[in-house]
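Colleague: Could you take a close look at the charged side chains in this one and walk me through how they sit in the fold?

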Amino acid sequence: MAINVRIPTPLRKLTQEKDVVQGAGATLAEMIEGLEREFPGLKDRLCDETGDLRRFVNIYINGEDVRFQQGLETVLSGNEEISIVPAVAGGC
């Protein structure tokens, strides 16, 4: 089964303007590597130079923040819905 990955507007230029793409992998890290092969530059937007998730990027698997799971090592079964959500900061 393919994993549905929801792409936020700022990253859609990397996915040919697609708002949902298909991913695959046994873990979130493997899925991101696969997306990088299909959509070069996407991993750099999600992960920092050490390979960890960037602080301003939130990834949810079936509505659960991966930071409260196993992060990039979160195991995927193949029927998840993944949402990439850029953090929003601001104030008055």
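Modeller: Sure, here are the salt bridges and one unpaired charge, with the sheet around them.

A word on ground rules before the details. This is a predicted model, so local features need pLDDT of at least 70 and side-chain atom pairs count only at pLDDT 80 or more, while totals for chains, interfaces and linings use all residues. Residues are numbered from 1 along each chain as its sequence is written, and side-chain values use heavy atoms, with hydrogens and water left out.

The chain has 2 helices and 5 strands (DSSP runs, H or I of at least four residues for helices and E of at least two for strands, numbered from the N terminus). In sequence order that reads β-β-α-α-β-β-β. The radius of gyration is 12 Å, close to the 12 Å from the globule rule for 92 residues, so the chain is as compact as a globular protein of that length (the radius is taken over C-alpha atoms, and the rule is 2.2 Å times the number of residues to the power 0.38).

The strands make an open sheet with the order 2-1-5-3-4 and mixed pairing (two strands pair if DSSP finds at least two bridges between them). Strand 2 (20-23) and strand 4 sit at the edges with a single partner strand each, so one side of each has no neighbour in the sheet.

Now the charges. There are 2 salt bridges, meaning a side-chain nitrogen of Lys or Arg within 4 Å of a carboxyl oxygen of Asp or Glu. One of them joins Arg6 and Glu81, at 3.1 Å from N to O. Arg6 is in strand 1 (residues 3-6) and Glu81 in strand 5 (residues 81-86), so this pair ties together parts that are 75 residues apart in sequence. Those strands also pair through the backbone, in the parallel sense over 3 bridges, and there the bridge partner of Arg6 is Ser83. Arg6 is partly exposed at 38% relative accessible area, and Glu81 is partly exposed at 34% (buried is under 20%, exposed over 50%, partly exposed in between, with a 1.4 Å probe and protein chains only).

The other salt bridge is Glu33 with Lys43, whose closest N and O atoms are 2.3 Å apart. Here helix 1 (residues 28-38) supplies Glu33 and helix 2 (residues 42-46) supplies Lys43, so the pair ties together parts 10 residues apart in sequence. Glu33 is partly exposed at 32%, and Lys43 is partly exposed at 25%.

Then there's Asp65, in strand 4 (residues 64-65). Asp65 is buried yet has no salt bridge, and Arg67, the nearest side chain of opposite charge, is 4.5 Å away (Lys and Arg count as positive, Asp and Glu as negative; His and the chain ends are not counted). A polar atom of the Asp65 side chain does lie 2.9 Å from the backbone nitrogen of Arg67. Beyond its neighbours within four places in sequence, Asp65 is in contact (heavy atoms within 4.5 Å) with Asn58, Ile59 and Tyr60.

As for the strands around Asp65, strand 3 and strand 4 run antiparallel, joined by 2 bridges, with Ile61 facing Glu64 as its bridge partner. Strand 3 (residues 57-61) is also joined to strand 5, antiparallel, by 5 bridges, and in that pairing Asn58 stands opposite Val85.

Technical notes. Polar contact = N/O pair within 3.5 Å; in protein donor to acceptor, adjacent residues only side chain to side chain.
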